[in-house]
Every structure is written in C-alpha cells, then in structure tokens.
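These notes are meant to be read slowly, with the structure open beside them. Each numbered point takes up one part of the fold and follows a few residues through it.

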Amino acid sequence: MPGNTPDLEPGRRRRAGLTLGGFAVVAVVVLVALVAFLLGRGTDPVQPTTPPAPGTPAGPAGQAPPPDSAGWDVTAETALATRPMLELPEVAAQPHELTTATAGPPLSVPEPTQTTGRWVPGGFPATPEGAVGQLAALTTAGFEGGDPQVYSQAYQSIALPGAPPADRARLTTDLQRFRARAGLPATGPVNGLTVTWQLTNALIKGTADDGRYAVVCVLGELTVTGNGQSVSGGGGDCQALRYVAGNWQISPGAAAAPAPLAWPGTAEAVAAGYRAVG
C-alpha cells in the first residue's frame with residue numbers, strides 16, 4: 001500500500017488502496033474479493049436475476065403499472081429513472097489522485113427525524129436533499145456486514161408496493177458477488193469482517209410530480225476490514241423515490257439507471273456530477 005501520501009485537498013487525505021500487484025502479499029481473502037468486486041464485474045459466480053427492459057414497470061408480477069400509479073406522472077418518472085448515467089471505467093472506483101474541481105456547491109443533506117423502531121432512519125424532508133438523506137441512510141444500513149440479505153431487508157423496509165424487487169437491486173447482486181468471490185457464506189455475520197460505507201458525495205438526477213418524485217445518487221467510501229487489514233473503494237447507488245405519507249420511499253415503476261462509481265473527490269466523480277455533501 002502507498003505511504004506518506006500528501007494532502008491533496010484541505011481536510012482530506014488520499015486513502016490507501018490495494019493494487020493488482022499487491023495480491024501476492026495479501027493473505028486475507030475477503031480483501032482480495034473486494035478488490036475484484038471493485039475492479040471487475042465480469043465472470044461472476046453469482047448471476048443476478050435478469051432485470052426488466054428499460055421503461056418496463058416493475059410491479060410484483062413485472063407487468064402492469066402498480067395500482068397507486070393514479071395521480072403520478074409515470075411516463076415522466078420512467079423517462080427520468082431510466083435515462084443512462086455517465087459510464088466510467090471500473091478502475092475509477094480505486095483510490096487515486098483527487099481534484100480541486102467541483103460539480104457545484106456542496107449539497108446540504110438533512111438529518112433524519114425518525115429513528116426509533118426503524119431499521120433505516122426516515123422522516124427526511126420533502127426536498128431532493130431529503131431524498132439523498134434517505135438513500136444514504138438505506139445504503140449505510142444495507143452495507144452492514146457486507147450481507148446481501150441485510151441489504152435486501154433494509155431495502156424492503158422502505159419500498160412501496162410495486163417497487164423493483166430487492167433481489168434485482170444492484171447492491172444486492174454486488175454483495176452476492178462479493179461474498180461468492182471471497183468464499184464466504186451467502187448470508188450471515190462473518191467473524192473478523194467489518195464493512196462500512198460513509199457518504200461523501202451525492203447528485204440529484206432530477207425530480208418529477210412537483211418534487212414528490214426524485215432520482216438521486218449517493219457516493220461514498222466503502223471499506224472492508226478483515227484480520228486488521230483494510231481496503232477501500234468508491235461505492236454508491238442511485239434510486240428512484242416517492243414522497244408518500246411523510247417519508248421518501250423506493251418508488252413503484254422503473255428502476256433507476258446504475259450509478260457511476262468513482263473514488264470520491266476525483267475528476268471522474270466530478271464528471272459524473274457528484275457534489276460534496278455538508
């Protein structure tokens with residue numbers, strides 16, 4: 001791992017990361033698996049469920065729009081959600097040089113007002129920044145333990161009827177690949193393994209239905225630690241959310257296009273539109 005890395009941005013230090021050449025000296029298989037997870041998603045031992053074609057409503061039967069679509073502009077929602085995002089090379093998620101450029105002023109992400117009795121905190125305001133806060137809360141809770149079942153259950157806890165199924169969510173399948181590549185049990189806690197995700201950046205792709213529908217993306221530092229050794233990379237997600245009954249929830253209908261993944265604070269993250277959060 002690199003050492004004595006200078007500060008490239010006030011208050012922020014470039015984090016150390018593993019390279020392909022470091023595989024031979026890393027004995028902890030889970031760290032190798034995370035590098036594979038970050039650098040290459042081809043030839044996977046776990047194949048995700050085939051998602052519906054872009055624009056296809058994803059209700060429980062994957063057919064007609066959900067019953068609660070009345071009063072919502074499903075056409076506009078679908079166009080926004082499925083519009084492709086910037087494609088980045090997979091190595092963009094590795095720790096590397098930061099930039100002083102920005103994609104805009106920092107986003108002010110509010111705190112949740114509902115935490116008691118909830119797996120995923122909620123009660124974020126009816127603003128796009130509130131939707132960012134809700135997605136960040138889901139991502140933080142869902143990455144715990146690097147367990148796809150944990151993420152699936154966290155996702156389901158804030159999903160409206162007719163939302164894309166949890167087993168089709170990108171982070172569910174990514175975590176399945178991570179577990180398979182590391183030779184770990186498919187689900188459940190693993191002794192000595194910790195997985196954390198910390199929000200650093202976000203983008204607001206757009207809104208519809210007078211701001212009651214938002215597609216937002218979050219980006220942060222994903223760190224896996226095993227036997228005292230750690231490796232980090234950029235991790236995040238995009239989701240379509242509706243504001244219903246005082247909460248942002250995963251929306252019925254089309255799933256959001258995949259998030260661009262980059263190391264936070266790099267030129268690639270800025271090119272994708274990610275702004276720092278405050």
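1. A residue counts as buried when its relative accessible area is under 20%, as exposed when that area is over 50%, and as partly exposed in between. By this rule Trp 248 is buried, because its relative accessible area is 0%. Please keep in mind throughout that the model is a predicted one.

2. Which ring does Trp 248 pair with? Its partner is Tyr 243, and the two form an edge-to-face aromatic pair, with 5.3 Å from centre to centre and 65 degrees between the planes. The burial of the two partners falls into separate classes: Tyr 243 has a relative accessibility of 23% and therefore counts as partly exposed, whereas Trp 248 is buried.

3. By the rule used for ring pairs, the count comes to 2 aromatic pairs. Besides the pair just described, Tyr 151 and Tyr 155 form an aromatic pair that is tilted, with 6.2 Å from centre to centre and 45 degrees between the planes. Both of these tyrosines lie in helix 4 (residues 148-157), where they are 4 residues apart, or about one turn of the helix. An α-helix has 3.6 residues a turn, so residues three or four places apart point the same way. Tyr 151 is buried, with a relative accessible area of 1%, and Tyr 155 is buried as well, with a value of 2%.

4. Helix 4 deserves a point of its own. Its buried residues are Pro 148, Val 150, Tyr 151, Ser 152, Ala 154 and Tyr 155, and the buried residues of this helix pack against helix 3 (128-142), helix 5 (170-182), strand 5 and strand 6. At the start of helix 4, a side-chain oxygen of Asp 147 reaches to within 2.9 Å of the backbone nitrogen of Gln 149.

5. The strands can be followed in order of their numbers. Strand 3 (residues 193-208) and strand 4 (residues 213-226) run antiparallel and are joined by 14 bridges; in one of these, Thr 196 has Thr 223 of strand 4 as its bridge partner. Strand 3 is also joined to strand 7 (residues 275-276) by 2 bridges, again in an antiparallel arrangement, and there the bridge partner of Asn 201 is Ala 276.

6. The turn between strand 3 and strand 4 is worth checking by eye. These strands form a hairpin with 4 residues between them. Asp 209, in this loop, has a phi near 50 degrees, a positive value in a residue other than glycine. Asp 210 lies in the loop too, and it likewise has a positive phi, of about 55 degrees, although it is not a glycine. Are these two aspartates buried or exposed? Asp 209 is buried, because its relative accessible area is 13%, while Asp 210 is exposed, because its value is 82%.

7. Strand 4 continues the antiparallel pattern with strand 5, to which it is joined by 14 bridges, and the hairpin of these strands has 2 residues between them, with Asn 227 in the turn taking a positive phi of about 50 degrees. Strand 5 is in turn joined to strand 6 (residues 247-250) by 4 bridges, also antiparallel, and Val 244 has Asn 247 of strand 6 as its bridge partner. In this hairpin, which has 2 residues between the strands, Ala 245 takes a positive phi near 55 degrees. Of the 16 residues of strand 5, 12 are buried, so this strand is largely enclosed by the rest of the structure.

8. The last point concerns Asp 237, which is found in strand 5 (residues 229-244) and is the bridge partner of Val 218. Asp 237 is buried yet has no salt bridge, and the nearest side chain of opposite charge, that of Arg 170, is 6.1 Å away; a salt bridge would need a distance within 4 Å. Which side chains, then, make polar contacts with the side chain of Asp 237? One is that of Tyr 151, at 3.5 Å, and another is that of Gln 239, at 3.0 Å. Leaving aside residues up to four places away in sequence, Asp 237 touches several others, including Leu 135, Thr 139, Leu 171, Val 216 and Ala 259.

How values were computed: Residues numbered from 1 in each chain as written. Predicted model: local features only at pLDDT ≥ 70, side-chain atom pairs only at ≥ 80, totals over all residues. Heavy atoms only, no water. Buried < 20%, exposed > 50% of the residue type's maximum accessible area, 1.4 Å probe, protein only. Lys, Arg positive; Asp, Glu negative; His and termini not counted. Polar contact = N/O pair within 3.5 Å; in protein donor to acceptor, adjacent residues only side chain to side chain. Contact = heavy atoms within 4.5 Å. Pairing = 2+ DSSP bridges. Phe/Tyr/Trp six-rings, centres within 6.5 Å; stacked < 30°, edge-to-face > 60°.
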